[in-house]
Structure formats: C-alpha cells, structure tokens
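Here are a few short exercises, each with a worked solution. Take a look at the structure first, then try each task before reading on.

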Amino acid sequence: MSLVEVTDLTVGFGSLRAVDGLSFRLEKGAALGLVGESGSGKSTVASALLGLHRGTGADVGGSVRVAGIDVQEAPDAELRRLRGGKAAMVFQDPLSSLDPYYAVGDQIAEVYRVHVKASRRAARARAVEVLDRVGIPDAARRARSRPHEFSGGMRQRALIAMALACEPDLLIADEPTTALDVTVQAQILDLLHTLREETGMGLLLVTHDVGVAAESVDEILVMRHGRAVEHGLVGAVLGAPAQAYTQELLGAVPRVDAPRTASAVTEEVVLEASGLRREFGRGKKAFVAVDDVSLTIHRGETLGIVGESGSGKTTLGRMLVGLLEPTAGEIKPGGGVRPDVQMVFQDPVSSLNPRRSVGESIADPLRAQGERDEGRIRGRVRELLERVGLEAAHYDRYPHEFSGGQRQRVGIARALAADPRVIVCDEPVSALDVTTQAQVVALLAELQRELGLALVFVAHDLAVVRQVSDRVAVMRRGRIVEYGPADEVYESPRDPYTKQLLAAVPALDPEVAAQRRTARRQLTAV
Amino acid sequence: MSGFGGFVLRRAVGTVITLLAISVIVYVVFYATPGNVAQITCGPRCSPEQVHQVAQQLRLDDPLYVRYWHFLQGILVGQDFSTGTSVEHCSAPCLGLSYQGDTQVTQLILAKLPVSLSLVFGAMVLWLILGVGTGILSAWRRGRLTERVLTGITLAGVATPVFVIGLVLMIVVCGQLQLLPFPQYVGLTDDPEQWAWNLLLPWLSLALIEAAAFARLTRAAMLETLAEDHIRTFRAYGVGERSIIGRHALRGAFAPIIALNANNVGSAVGGAVLTETLFGLPGIGQELVHAVNVVDLPVVVGMVLVIGFFVVIANAVADVLYAVADRRVVLV
C-alpha cells in the first residue's frame with residue numbers, strides 16, 4: 001500500500017476548478033515535488049491530502065488515501081488523528097503560521113497532546129526534544145519564547161519541530177522556504193533532508209521554485225491549470241523535459257552559472273555615490289542600515305545589488321533615488337547634470353493606487369515635472385504603455401484588471417515617464433512567476449539597450465542578479481563585501497560571505513545539489 | 001529603560017502628562033468663555049456693588065493663568081477660601097468651592113462618586129459576562145441559526161435606548177411581577193445585600209445595551225482571528241474546534257475587548273446620566289447635569305476633571321492589561 005494515493009482528484013471553488021483530475025502515488029519514505037506557477041493548484045492538492053477543504057464549501061471529487069485513511073470518507077475524529085499524527089504539514093509563512101499569543105513550546109505541546117496521551121509536563125519535554133532536534137539552540141529556554149522572538153529561520157524550524165512531534169509518516173511542506181533568505185533556505189532544506197534520512201518519513205514538497213524541488217525530492221510532478229503536465233524522476237524531468245510547458249518553465253528559470261550577454265556599457269558616469277551612510281533611530285537604539293558605501297554607475301550598464309533581508313540593499317536603493325536622505329556621504333550626478341533617477345518597486349499591487357487608472361499613475365511624473373497639456377500627457381502615456389508591451393487603450397483601466405506581470409510593466413512605464421537616465425529596480429521580479437519574471441527581465445534589457453539606461457537592480461535572488469548584471473555588489477549588514485564584474489564575483493568569489501551565498505543557491509541538477517549540500521556541510525563545519 | 005517595568009513606568013508618566021493637559025484645557029474652556037460669572041453667581045437681584053464684591057471674592061479679576069495656578073495648587077496642596085467673614089480651609093485635592101451654597105466641590109463629588117462607581121463596575125461585570133459569552137457563542141455557531149438569532153438580538157440591543165430597556169424592566173419586574181422593590185440607592189457599606197438588590201435593575205439595563213456592543217466586537221474579532229494562518233496550522237494538526245475557539249480565537253479578541261471596556265468604564269462614570277436619572281440614583285452624571293443648568297462652574301470643572309481622570313486611568317490600565325495579554329506591545 002502506498003503512503004499517498006490520489007486518484008482523479010478534482011477541487012472546485014464555485015466555478016473555478018483549482019485541481020482537475022490529478023492522480024499520483026507516493027511510496028513510503030519517498031519524496032515527491034509538486035511544482036507549478038501561481039494558480040496551478042499545487043497548494044490546493046496539499047490541503048486536500050489532509051482534508052482541509054472539508055466544511056469550507058469547496059467541491060472535492062475523486063479519492064485521496066493517506067496512510068490508509070480515505071480522506072474523503074473518514075469521520076471527523078479519524079481525520080483529526082490523520083492530521084498531525086500520520087501526516088503533518090509545514091506552511092509557507094512561518095510568522096503567521098504560529099499563534100502569536102502562546103509560547104512556541106506550548107503550541108507544540110498542545111498539538112502533541114491531541115495525538116498522544118501524555119501529561120502537560122511530558123508534552124513540554126517532548127516539545128523541547130523536537131525543538132532541539134531541529135537545531136534550535138538552548139531549546140529548553142527558547143521553548144518558552146513567543147514566535148515574534150524567533151527569527152524567520154527559527155520559526156520555520158519550530159514549525160518543522162511541531163510536524164515532527166508525533167513522528168508522522170508523511171511530511172507535507174507547502175512552500176516551506178519561500179519567505180526565507182537563501183542561506184536560511186539552504187539550512188531548512190538540508191534539515192528536511194537529514195530528517196528524512198533519519199526518520200524515513202515521506203515528503204510531499206509543494207514549491208514554485210524548481211531549484212528547491214531539485215534539491216529535495218526524488219520525483220517531480222509539474223502542474224499547470226490543475227492538471228499534471230509531466231511526472232517523473234527529478235533528474236529525468238529536469239534534465240530532459242518532454243513537455244513543451246516544462247521546457248518553457250525550465251528555460252525561464254534564471255541560472256546562477258550562466259553568464260550574461262554583455263551589454264553596451266560605456267565609460268560615461270551617470271551617478272556617483274561616495275561614503276553613503278544611513279542610520280535609523282537615535283541614541284542607543286540607532287541602527288546603521290547602510291555603512292560607507294561608494295558606487296559609480298555608468299550609462300548603459302546594470303549594477304546588481306544583492307543581499308539578504310536586512311542587508312541594507314533597499315535603503316541604499318532608496319537613497320540613490322532620493323527617497324531617503326543619507327546620514328553622511330554624497331550622491332553626485334555624472335557630468336554635473338541632474339541625475340534623473342526613477343524607481344520601480346517590488347510589489348506591483350501596493351505600489352499602484354488602486355483607485356486611479358493606470359494611465360493617471362503613469363502620468364504622475366509628467367505632471368510633477370510641470371506638464372499641463374492634457375493632450376500631450378495622454379499621448380506620452382499611450383506611447384509609454386505601448387513601449388512596455390501593453391496597449392494604449394489600457395490608459396483608463398485600473399490596476400486590479402491587470403495580472404502581476406502587467407502591473408509591473410505599468411510600474412516600469414511610470415518610471416520611464418520622466419525620461420530618466422537611471423532606474424533603480426527594487427526586487428522588481430521577486431513577486432512574479434518565473435515565466436513572467438523572464439519577460440519582465442527581457443523588457444528591462446530591451447529598454448536599456450534602446451534608451452541607454454543605467455539600471456540598478458536590487459534583489460535577493462542571486463540567479464536573477466547574475467542574469468541581468470554587468471557588475472555586482474554583494475551587501476551584508478549595510479556594507480558592500482564584494483564589488484566587481486558579475487562574472488568575476490560569481491565565478492571566483494573572494495569574500496567568504498559571497499561563497500556562502502553562492503553555495504546556498506539551489507541547483508537544478510540533483511547531482512550538483514548533492515555536491516553542494518556536502519560542500520555546505522563543510523562550510524558550516526568550519 | 002526596558003522590559004515590562006519600564007513600560008508601566010513610561011505609561012504612568014504619560015498618564016500624568018495627559019491629566020495635566022486635560023486640566024488646562026477644561027479650565028480654559030470653561031473660565032475663558034464669555035458670560036458674567038459674578039452676576040450669575042450673585043443672582044439676578046444683586047446690585048452692581050454686590051456683583052463687584054463677588055467678583056473679588058472669586059478672584060475673577062486675576063489673569064486666567066494665575067487663577068489656573070491657584071486651582072492647580074488647590075488640587076495638589078489644598079487652598080484657603082475667604083467667604084467674607086471667615087476663612088475656610090479646603091484640603092487637597094481641592095477642586096474649589098461651589099458657587100451655590102459654598103460647599104466644597106471635592107466633598108460634593110466624593111458624595112456622588114460611590115453611587116456612580118457602584119453602578120458602573122457592577123454593570124461592567126454583567127456586560128463582560130453577557131457580551132463576551134454571546135460573542136463566543138456566535139463565533140462558534142457561525143453561519144447557523146443560533147448565530148443569526150443572537151446577531152438579531154444584539155443588533156436590537158445596540159439600537160435600543162437605555163430608558164426603554166430600563167422602563168420596561170422596571171414596569172415588568174417591579175410593577176407587574178413585584179419581584180423587586182423600585183430601586184432606591186443604598187450604600188455598599190450600609191447594607192451590601194440591599195445595595196446589590198437595589199442596583200440589580202440599573203446594572204441590567206446598562207449592561208444589556210453595552211453587552212450588545214461587546215458581543216458584536218467579540219464575534220468580529222474572533223472571526224477575524226479564525227481566518228488567520230495560525231488557525232489553519234492548528235486545524236491541520238487535528239486540534240479540535242473547541243480548543244481552536246476557546247484557546248486560540250478568543251485570545252485574539254482580548255485586546256479589542258480590553259480597549260472597548262476601558263472606554264466604556266471611563267465614560268460611564270460620568271456618562272450614565274440616563275440610567276441614573278431613570279432609577280433615581282444620585283450619581284455624578286445627574287449632579288453634572290444639574291451643575292451645568294445652574295452654571296456652577298467650579299462644580300462643572302471639577303466633575304469634568306474627575307470624569308476625565310477616570311477615562312485616562314481606565315485607558316492606562318487597559319494599556320498595561322494589553323501588554324499583559326500581548327507581550328509584543330511592550331516592544332513598541
């Protein structure tokens with residue numbers, strides 16, 4: 001008997017079919033990756049395995065058997081025994097997935113006592129034991145901490161500890177590392193790998209990131225529109241994808257080892273920053289976000305700024321645009337002219353006013369520059385819309401009528417409106433699916449070539465930065481630890497932190513992934 | 001300064017500053033408004049000389065800030081008043097003398113305060129039990145008949161004025177059924193049992209209306225928490241509905257309940273005029289209305305300050321309770 005048997009599963013929400021006739025099996029101790037872009041139905045499948053759609057009004061068809069229990073037919077009490085007892089789930093956002101009001105250890109103990117007859121004291125002891133097992137230092141003390149006192153990585157470890165508490169046969173991980181930094185992601189994936197080796201539990205990993213799947217599973221199932229596109233051993237599917245969609249998906253994934261086709265970099269300096277420093281807060285609470293950063297940006301080049309959360313990369317980007325005053329240091333436009341720096345923001349949803357048409361949003365910089373002629377404004381905005389691959393007729397539409405990728409195009413059009421020489425892009429593609437991401441990156445490259453723009457590309461994703469950048473600055477704790485031509489930084493990194501970052505990037509080839517894992521173990525052992 | 005103790009201390013300092021600010025504003029608003037106070041105090045038949053004398057007695061010719069300074073002194077260390085023939089000492093906290101009958105405002109308030117506090121705190125216990133209980137029940141039975149009936153009742157409760165509920169209660173309970181005598185205030189220290197029996201109806205009528213607001217708030221806050229990710233976590237780990245409602249969802253509703261309760265307690269001390277009047281309870285609210293009618297400024301100012309004091313204190317206590325309920329508050 002297989003650990004998981006899904007036969008012809010359909011899940012509908014009203015008129016939407018999120019999952020449409022999906023079948024797969026997972027054997028005991030095996031690991032399967034469900035990979036797909038947003039809206040492919042992969043998370044819905046994960047919820048269906050635990051019967052979480054029961055009572056929500058969702059329309060579930062087909063059959064799901066997990067650890068011998070028919071999830072559709074089982075009475076509530078039996079389903080509760082399955083949940084957490086035989087199959088445990090780890091969620092995407094480790095902050096919101098724990099109750100903010102209770103100590104982490106108590107939450108694990110509560111779950112433990114649902115499934116195992118144990119005293120409070122024994123349950124607490126078990127909580128400390130599993131927290132220790134997932135690598136929480138000083139677990140006995142930290143078990144009394146509340147979730148907000150944990151870092152993102154520790155919270156995810158705590159959730160994994162909760163999953164381990166009852167020794168389940170199956171671990172379902174729904175985007176377990178999406179909210180985490182790349183080095184922390186590597187630690188969590190390594191932890192999952194070790195735990196599987198030791199406990200022999202099966203793993204169902206749901207992810208949008210092909211690299212994360214390649215690191216962690218034996219088999220991969222590519223989903224699109226609620227259906228299986230391709231299913232097979234991870235090496236086979238990723239090495240030689242048979243289906244057009246899989247090929248497209250893999251083609252869109254940025255590679256950390258693929259050099260960029262050189263762009264027309266000139267020697268003309270458009271922006272020069274020297275000794276930039278920015279502090280937040282005062283007195284004892286003062287925090288230095290950016291510390292002594294100097295950069296020069298040339299016409300036609302892309303400067304990639306890469307770093308983990310809290311490294312100061314966004315603060316630096318905001319200072320370059322003039323949204324933040326530096327505490328010390330100065331920013332000079334090259335050749336004495338006005339720098340004309342514009343910005344493209346991370347979240348295309350919240351960076352556009354939902355109550356104004358996109359045309360009006362794009363027209364804002366024009367009006368700010370003093371343009372008053374409505375005819376000229378409309379003409380220019382239509383031109384910009386077409387320039388970024390939208391239609392002139394989209395002028396009067398509102399942000400909610402567009403997809404994420406289209407909204408980011410609107411954001412780019414708005415940045416272009418003021419005819420800038422430099423555009424600072426702060427995580428411009430991190431909220432997008434890989435295929436959309438590739439399109440937006442291509443658009444930026446095209447605009448750069450045609451307009452001779454200089455781009456500052458701020459991102460946490462090392463592969464994307466490699467794909468777009470001529471030169472790269474690696475930031476850590478407000479400082480640039482490594483700065484140089486992209487190929488040099490990626491191929492022969494000098495700084496240990498850069499090495500650590502690069503070693504943490506998930507590889508698409510399972511064999512390379514295994515080598516990297518060994519390499520990481522050695523790096524951390526040092 | 002950090003941690004819980006530091007937080008409480010910072011909050012206490014903030015409370016004192018707020019109280020001072022309130023005293024300035026209240027004083028200025030009432031005493032700087034136009035109108036001949038001396039004439040009003042002295043009465044319509046006073047001659048201009050008598051009015052002038054009264055004005056001197058009341059120090060109305062001094063600049064406003066000097067008078068405020070005396071007033072503040074009175075509160076902190078006490079004050080002496082000359083009533084023409086003799087000197088009366090008014091010890092701290094002295095809120096001045098009433099224009100009517102020269103009684104000390106502090107004494108006047110102290111006489112009325114137990115009535116108002118009895119009414120408010122008794123009603124508070126009832127409205128918390130009734131309101132939060134109803135809210136939990138509605139959140140638990142959400143989408144079912146029970147919830148719809150409860151929602152209807154609480155909506156009606158919010159919309160009903162206190163004098164309607166109070167009158168109906170009095171007519172039915174005291175008039176028709178004769179279960180209780182018509183309420184008449186008896187001091188807690190005089191006879192605790194009679195105190196409770198007599199206040200039962202006022203408590204109920206005040207509590208029923210406030211309870212409706214609490215029920216709606218509790219239900220809304222719990223439903224909001226129930227939609228959060230961490231509830232999904234516990235569902236996915238097989239935790240039962242009773243635990244999810246009683247442990248996790250209810251905890252999320254604590255903070256808004258504490259906040260609303262502080263507001264209600266604070267404002268009901270001086271604001272339960274309708275209830276006080278309806279049941280003939282000689283509380284702060286009634287006295288304040290009377291003082292306003294006869295333009296007895298020292299009494300009005302004193303009472304408004306005392307009411308402000310309770311609102312501020314109630315909110316300060318709420319902030320500390322907030323921090324106890326949710327330790328993340330201290331960090332801010």
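The exercises below all refer to this predicted model.

**Exercise 1: A pair of helices**

Task: Work out how the axes of helix H3 (residues 104-115) and helix H6 (residues 152-164) of chain A are oriented, and which residues bring the two helices into contact.

Solution:
- Step 1. Two packed helices are described by the angle between their axes and the distance between the axes.
- Step 2. The axes of H3(A) and H6(A) come within 9 Å and cross at roughly 20 degrees.
- Step 3. Angles under 35 degrees count as roughly parallel. H3(A) and H6(A) are therefore roughly parallel to each other.
- Step 4. For handedness, H3(A) passes H6(A) in a right-handed crossing.
- Step 5. On the H3(A) side, the contact is made by Val104(A), Gln107(A), Ile108(A) and Val111(A). H6(A) contributes Ala158(A), Ala161(A) and Met162(A).
- Step 6. Sorted by class, this contact has 6 nonpolar residues, 1 polar residue and no charged residues.

**Exercise 2: Two domains in chain B**

Task: Describe how domain 1 and domain 2 of chain B meet, and find which helix of domain 1 supplies the largest share of its side.

Solution:
- Step 1. Start with the bounds: domain 1 of chain B covers 3-105, and domain 2 covers 108-331.
- Step 2. Their C-alpha centres lie 33 Å apart.
- Step 3. Across the boundary, 24 residues of domain 1 of chain B are in contact with 22 residues of domain 2 of chain B.
- Step 4. On the domain 1 side, the elements giving two or more residues are helix H1 (3-31) and helix H2 (37-42) of chain B.
- Step 5. H1(B) supplies the largest share of that side, 13 residues.
- Step 6. By class, the domain 1 side has 15 nonpolar, 8 polar and 1 charged residues.

**Exercise 3: Chain A against chain B**

Task: Which element of chain A gives the most to the side that touches chain B, and what classes of residue make up that side?

Solution:
- Step 1. Count both sides: 24 residues of chain A are in contact with 15 residues of chain B.
- Step 2. Helix H2 (76-85), strand S6 (87-90) and H3 of chain A each give two or more residues to the chain A side.
- Step 3. H2(A) gives the most, with 5 residues.
- Step 4. The side of chain A that touches chain B has 11 nonpolar, 6 polar and 7 charged residues.

**Exercise 4: An annotated stretch**

Task: Find where UniProt places "domain: ABC transporter" in chain A, and describe residues 4-250.

Solution:
- Step 1. The unreviewed UniProt entry places this feature at residues 4-250 and 271-502 of chain A.
- Step 2. Over residues 4-250, chain A is 40% helix and 26% strand.
- Step 3. The end C-alpha atoms of residues 4-250 of chain A are 27 Å apart.

How values were computed
Residues numbered from 1 in each chain as written. Chains lettered and ligands numbered in written order. Predicted model: local features only at pLDDT ≥ 70, side-chain atom pairs only at ≥ 80, totals over all residues. Axes fitted to C-alpha atoms, helices over the stretch in contact; angles between N-to-C directions. Helix = DSSP H or I, 4+ residues; strand = E, 2+ residues; numbered from the N terminus. Parallel < 35°, antiparallel > 145°, perpendicular 65-115°, else oblique. Left-handed = near helix turned anticlockwise from the far one by under 90°. Contact = placed C-beta atoms within 7 Å. Nonpolar A, V, L, I, M, F, W, Y, C, P; charged D, E, K, R; others polar. Domains from an automatic or database assignment. UniProt positions renumbered as here; feature names shortened; annotations may be inferred.
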